[in-house]
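Let's take a walk through this structure together, moving from single contacts to the chain as a whole. Keep the 3D view open as you read.

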Amino acid sequence: TPGLLLLDMHHAWTGFYASRSGLKALARRASALLYAGESMFTRHVLLAPHPHLDPAWGLQQLQQLRWAVSEVQHHDAITGTHVPTVGDMFVEHLSTGMQGVHTLMASIIQDRSPAQQDACVLLTLRVSQVEDEACSLSAGPEPQGRFAVVYNPLAWTITTIITLTVDFPSVSITDESGRPVPAQVQRSKETPSAYDLHVLTTIPGLSYRHYSIRPRRSSQEGTGEPEPSVAKTMQFGGRLRTRGGQVGQSLVPVVNDCYIVFLDLDTNLMHSIWERRSNQKVYMTQQFMEYHANSDVWKLPVSDNYVFAPNGRAEPAWEAVRMEIVAGPLVTEIRQDFYRELNDSQATFAIYSRLAHGPQGSDGELLCHRIEQEYRVGPLELSREAILRTSTNLNTGRVLYSDNNGYQMQRRPYRKYKNNTSARNYYPMVQSAFIQDRRSRLVLLSEQAHGVSSQGNGQVEVMLHRRLVNNDPANIIADLTLNDTSVVHPVFWLLLGPRNLTSGLRQRSGLALQHRPVVMLREMSETARRGSGFKLQEAVTLPSSIHLQILSIPGWKYSSNHTEHLRTLQKDRNRSAKADLRRVLLRLQHLYEVEQDPVLSQPVTVNLQSVLRGLGSVVSMEERSLTGTWNVSEMHRWTWSTRDPPRHRGSDALKKRMEGKKKSSSSQPPPPPGGPEVTIYPKEIRTFFIHFQE
């Protein structure tokens, strides 16, 4: 009706950016697991003998997770706008698919080292959180130790810190050569009876590292064998939320090679961050706040799965905060627990901030220049929408930048409206957002999708969780409610510094957060103690501005005839996957915009035969459409009339390539001696079929 249409003009469908935060996190973790499983399976099938692994079965496991990840991208799935029973179905499909890929990864590790048995897989997609309790390192009555196999799914060398949970504080950890490894032990933040074991590792692209982890026995003491450092804990009493008065009179610094984070002992909150390279100090504080929502549909508007319609401005959601600092040689962790009341036994909110003390130089650049934060949010009270607001002294003019599609950043100026201004200034944050002034930029990188806004100068807030009910008859009949009582654990990386520094780090850091190393644990048998038995493989390394977007063996036959292609997909969906195991789907992406960075924004020429030498011998290649369905020589692209000549994303280069292909035969010749070279232009994505020698 006209009345409802007029009312809807004042609604803001920005609530679904954060609805069902737990499902959004699970979907992203499943996507990351699929990415890692595809490349691990591909390089194993191409190179190694696989006596214990049936490739057709492996493809089925990957295909099952592909379908689940695709299904949850539905517009009423990832958005959180579905009924609870349908949400349970999405979770079941994702969980089943992930378990299948876990099993596949364990089989690959068994093939690589047949002497080892019963691998279980852990994903370090959330630092310090072990997702499978059976894979934690338990001392038990007869502790034997474990092998940890760590796989890097990115095509760059990474230096990072992996975290395992152990039941004993005294351990011995060595690498594949028997050398001691830098490590740190501290009490677990979530489970006081357990310990977090932080391990510093450097892993080449698409490669493995292997570690032996053993409990240290009393007989080993005094032998001089190195053991992990034990972190020291400093505890600070509870502080009530201040409503005025003096703050910032007593500061405690937490230092690494890139930042000094100052904590205010008057409030137990962050006070400021000094970025050491630029010698710039930014005042910054963080706190949890909540928007209160109306639950009575007869007192419009109401917040629901789709709509964000707060009653007013966000209010602080806590009255007291306790803090402790856990300091060690590898990681310093700041633990802040926020309580609705000082005497509450359980904190509703928490921030766990980590600064790493990694190696100097380019290998440790991404590790040093991030402040990792894990939040704990929930369970919320009814009709609450929880945010984390970060307030700084940056003169931003309430201008925010966020990635509306996970591919490019978009400027989001604050706008005033007659109705629902707060909600209408919320925007999607698929992975990243930032605020800036002339001197500094603060970047937020997220492990999952959220809603983001800048409601004040120098502020950025992220909606982390929602719990809503209303008495709308249509919602009640359909059971379309958002009575989400879960506790969520979103993870963010914060980057702070001048624009030229953060611009170069943001894209690679975002991918490093999304695709963290996969950790697989195995029982340590008597035979295994004499050596891991793992075979070394050559790394696959791309230039730092090029991302390996996909490396997989498709589980179906491709056809340039679209109707035939769809028929093949439907026919093979429920049958054993039939695939050419020597043909690999490869997709490369240039991460940077034109003129974004003087070095990283340049076109990059890659010799695919040389880069992929670690996978085998390339015998031919053909360029395909983005999905791999079409041969680019057979495609007819539409052209558009524009006011200005095209200058971005390699448009001119693409035109020249297409003109060259039209003059040549439609069949793809084998690569010339020395290997095929391809040039990737800024923000360009190119897809290939690579054929490897038997």
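Arg384 and Glu381 meet through their side chains in a salt bridge, with 3.7 Å from N to O; keep in mind throughout that this is a predicted model. How do the two partners differ in burial, buried or partly exposed? Arg384 has a relative accessible area of 16% and is buried because the cut-off for that class is under 20%. Glu381, at 37%, counts as partly exposed, since that class runs from the 20% limit up to 50%.

That bridge is one case of a wider theme, as the structure holds 24 salt bridges. A good place to look next is Glu374, which forms a salt bridge with Lys189. The closest N and O atoms of Lys189 and Glu374 are 3.6 Å apart. Where in the chain do these two residues come from? Lys189 belongs to the loop between strand 5 (183-187) and strand 6 (195-203), while Glu374 is part of strand 18, residues 371-377. The pair therefore links distant parts of the chain, with the two positions 185 residues apart. Both Lys189 and Glu374 are buried.

Glu374 has another partner to show you: its side chain also meets that of Arg354 in a salt bridge, at 3.1 Å from N to O. Here strand 18, with Glu374, is joined to strand 17 (residues 349-356), with Arg354. These two residues are 20 positions apart in the chain. Glu374 has a relative accessible area of 1% and Arg354 one of 5%, so each falls under the 20% limit and counts as buried.

Now widen the view around these residues. Lys189, Arg354 and Glu374 belong to a network of salt bridges. Which other residues are linked in it? They are Glu324, Glu333, Arg335, Glu372, Glu447 and Arg516.

Let's turn from charges to rings. The structure holds twelve aromatic pairs. One of them joins Phe16 and Tyr17, whose ring centres are 4.9 Å apart with 70° between the planes. The arrangement is edge-to-face because the angle is over 60 degrees. Phe16, with a relative accessible area of 24%, is partly exposed, whereas Tyr17 at 16% counts as buried.

Compare that with Tyr401 and Phe434, which form an aromatic pair with 4.7 Å centre to centre and 15° between the planes. Is this pair stacked or edge-to-face? The angle is under 30 degrees, so the pair counts as stacked. Tyr401 sits in strand 20 (residues 399-403) and Phe434 in strand 23 (residues 432-436). The pair links distant parts of the chain, its members being 33 residues apart. Tyr401 is buried at 18% relative accessibility, and Phe434 is buried with 6%.

Rings also gather into a group. Phe288, Trp318, Phe338, Phe349, Tyr375 and Phe492 are linked into a cluster by ring pairs.

In two places, charges and rings come together. Arg398 lies over the face of Tyr414, 3.9 Å from the ring centre. Over the ring of Tyr407 sits the charged end of Lys683, at 4.1 Å from the centre.

Next comes a link of another kind. A disulfide is a covalent bond between the sulfur atoms of two cysteines. How many disulfides does the structure hold? It holds one, formed by Cys258 and Cys368, with their sulfur atoms 1.9 Å apart. The link of Cys258 and Cys368 is right-handed, with 125° about the S-S bond. Cys258 lies in the loop between strand 10 (251-255) and strand 11 (259-264), and Cys368 in helix 5 (residues 365-368). The disulfide links distant parts of the chain, 110 residues apart. Cys258 and Cys368 are both buried.

Finally, step back to see the whole. The protein contains eleven helices and 34 strands. It has 694 residues, of which 57% count as buried. Among contacts with a separation of 6 or more, 75% are between residues 24 or more positions apart. The accessible surface of the protein is about 29700 Å², and carbon and sulfur atoms account for 51% of that area.

Key:
Residues are numbered from 1 along each chain as its sequence is written. This is a predicted model: local features need pLDDT of at least 70, side-chain atom pairs count only at pLDDT 80 or more; totals for chains, interfaces and linings use all residues. Side-chain values use heavy atoms; hydrogens and water are left out. Helices (H or I, at least four residues) and strands (E, at least two) are DSSP runs, numbered from the N terminus. Buried means under 20% relative accessible area, exposed over 50%, partly exposed in between (1.4 Å probe, protein chains only). Contact means heavy atoms within 4.5 Å. Accessible areas come from the Shrake-Rupley method with a 1.4 Å probe; for residues, only the protein chains shown count as cover. A disulfide is a pair of cysteine sulfur atoms within 2.5 Å. Rings of Phe, Tyr and Trp (its six-membered ring) pair if their centres lie within 6.5 Å; planes under 30 degrees apart count as stacked, over 60 as edge-to-face and the rest as tilted. A charge sits over a ring if NZ of Lys or CZ of Arg is within 6 Å of the ring centre and within 35 degrees of the ring normal. A salt bridge is a side-chain nitrogen of Lys or Arg within 4 Å of a carboxyl oxygen of Asp or Glu.
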